[in-house]
Amino acid sequence: MAERFQSFGLATPPAARAIHADDAIALLKGGQARQASLLAYGNGRSYGDSCQNQAGTVIDMRPLNRIRGFNAESGLLEADAGVLLADVIAHAAPHGFFPAAVPGTQFVTLGGAIANDVHGKNHHRRGTFGCHVESFTLLRSDGRSYRCSATDNPRLFRATIGGMGLTGLILSASIRLMRVPSLDIIEKTARFRELGEYFDLAEAADQANEYAVAWIDQLAGGRDSGRGLLFTGNHAEHGSHAASRANGKFSVPFQPPFNVLSRPFLTAFNAAYRWKKRPATVPRQVEYQGFFFPLDGLHDWNRLYGPKGLFQHQSVVPEEAARAIVPALLTAARQARQGSFLTVLKRFGGVRSPALLSFPRPGYTLTLDFPNRGAATLALLGELDRMTIAAGGAVNPYKDARMSAATFSASFPDWPRLEALRDPAFMSDFWARTAGSIDHRRRGAEAAE
């Protein structure tokens, strides 16, 4: 069976055409790439259509998977763009290093982590992935390879970090890892009864810990509305320096013909999760895989959403608006009778990314996963967009498969500056749907400002 180059949300069609990275490199170096014909595809962990180009061809970057060098004194690692973060962790862990920012899965490529400027549970201390990128090599359709850093081709450097693969093909990159005493995490769990209690805890939790994230029981209403668990963590002084096996023990072997994650299931799951993760009297030492990548242990868990897939909605709102808007977003989802399998709330700090377009900004970010139930789900997502933008917030583009051009423009008013640096041979369905539908005359005027 031919491999399907699909987004993780499964709500958009798989790529119609794909080519090997070496073939794309030959096209680009020969100046033969057609306009809007290409887009790099990492490991397909983006939820929407930012990793798809239905009118063109996606480039399978995974064959470019060599770690080229590692300095065990400084933590500087150089690797091809197709290397997975799981491989970076395994290579650096014995030397006492770990990526300074990791998303919720280790199965993303280095190039994808840069292109999406991903973030983790420690944004308040370390910022985004892009904050730790020293340099990268970018191949563009003019046939030239550009070394990009804060001082070499700085405009391309800033546009490529968070640029969703639109400025060219990242071939390799150098990133700086952080020194850690071990991979294991000392985890604490605190229960909060409602969101006001969480907000009272959040800033102090960030100040005292490297990592902090909250789980919300999204379906709970009435007096239980907003209840959840706050997890904090720090690397253990005495723990393992060996990366454990990246592959999970379990998998969803086939696509169920219906959504397994029904409302009764979600209600039972939330109750069981609260019981299993109940606060401990003392902190406990846990293995890093379970703390950072809990869902990686179940391969193809996205199949549980059924053949229509899922939509993920991630928003960020300013700190001063969060106490009002976060409960309102949860209420809107509950009133629409849409259940979120995993609902996560985090506080972003003020560490500034070098990226021209970067989703994290000071405030609170809420992530919701919804089964695709067609028009009803799309209507809810549109309402969540409206509420977020009205509160001065933004919606995450690399988690999206349907936001409007207006929502994107309000979330990222600097987008014309990326368009001005976009390689003409590169395009995504997301960019065509959003930036591509905005009036060309307005785009030209804004880019020139």
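In which helix does A432 lie? In this predicted model, A432 is placed in helix α13, where the residue is partly exposed, with a relative accessible area of 39%. When residues up to four places away in sequence are left out of account, A432 touches M427 and S437. The C-alpha atoms of A432 and A405 lie 9.5 Å apart in space, although 27 residues separate the two in sequence.

Helix α13, which spans residues 429-433, also carries F430, and the ring of F430 pairs with that of F408 in helix α11 (residues 405-411), so that parts 22 residues apart in sequence are tied together. The centres of the rings of F408 and F430 are 5.3 Å apart and their planes stand at 90°, so the pair is classed as edge-to-face. Both F408 and F430 are buried.

The structure holds 20 aromatic pairs. In another of these, formed by Y211 and F291, the ring centres are 5.8 Å apart and the planes meet at 65°, a value over the 60 degrees required, so this arrangement is likewise edge-to-face. Y211 belongs to strand β12 (residues 211-216) and F291 to helix α8 (residues 288-292), so that the pair links distant parts of the chain, 80 residues apart. Y211 has a relative accessible area of 2% and is therefore buried, and F291, at 5% relative accessibility, also counts as buried because the cut-off lies at 20%. Y211 and F291 are members of one aromatic cluster, which further includes F98, Y288, F292 and F293.

Charged side chains are also placed over aromatic rings. The charged end of K121 sits over the ring of F291, at 5.8 Å from the ring centre, while the charged end of R361 occupies a corresponding position over the ring of F412, at 5.1 Å from its centre.

Helix packing was examined for α6 and α9. Two packed helices are described by the angle between their axes and by the distance between those axes. Helix α6 (residues 195-208) packs against helix α9 (residues 319-335) at an angle of about 145°, with the axes 11 Å apart, and the crossing of α6 and α9 is right-handed. On the α6 side, the contact is made by L195, G196, F199, D200 and E203, which meet E319, A322, R323, V326, P327 and L330 of α9. The residues of this contact comprise six nonpolar, one polar and four charged.

Definitions and conventions. Residues are numbered from 1 along each chain as its sequence is written. This is a predicted model: local features need pLDDT of at least 70, side-chain atom pairs count only at pLDDT 80 or more; totals for chains, interfaces and linings use all residues. Side-chain values use heavy atoms; hydrogens and water are left out. Axes are lines fitted to C-alpha atoms, for helices over the stretch in contact, and angles run from 0 to 180 degrees between N-to-C directions. Helices (H or I, at least four residues) and strands (E, at least two) are DSSP runs, numbered from the N terminus. A crossing is left-handed if the near helix is turned anticlockwise from the far one by less than a right angle, and right-handed if clockwise. Contact means heavy atoms within 4.5 Å. Ala, Val, Leu, Ile, Met, Phe, Trp, Tyr, Cys and Pro count as nonpolar, Asp, Glu, Lys and Arg as charged, and the others, Gly among them, as polar. Rings of Phe, Tyr and Trp (its six-membered ring) pair if their centres lie within 6.5 Å; planes under 30 degrees apart count as stacked, over 60 as edge-to-face and the rest as tilted. Buried means under 20% relative accessible area, exposed over 50%, partly exposed in between (1.4 Å probe, protein chains only). A charge sits over a ring if NZ of Lys or CZ of Arg is within 6 Å of the ring centre and within 35 degrees of the ring normal.
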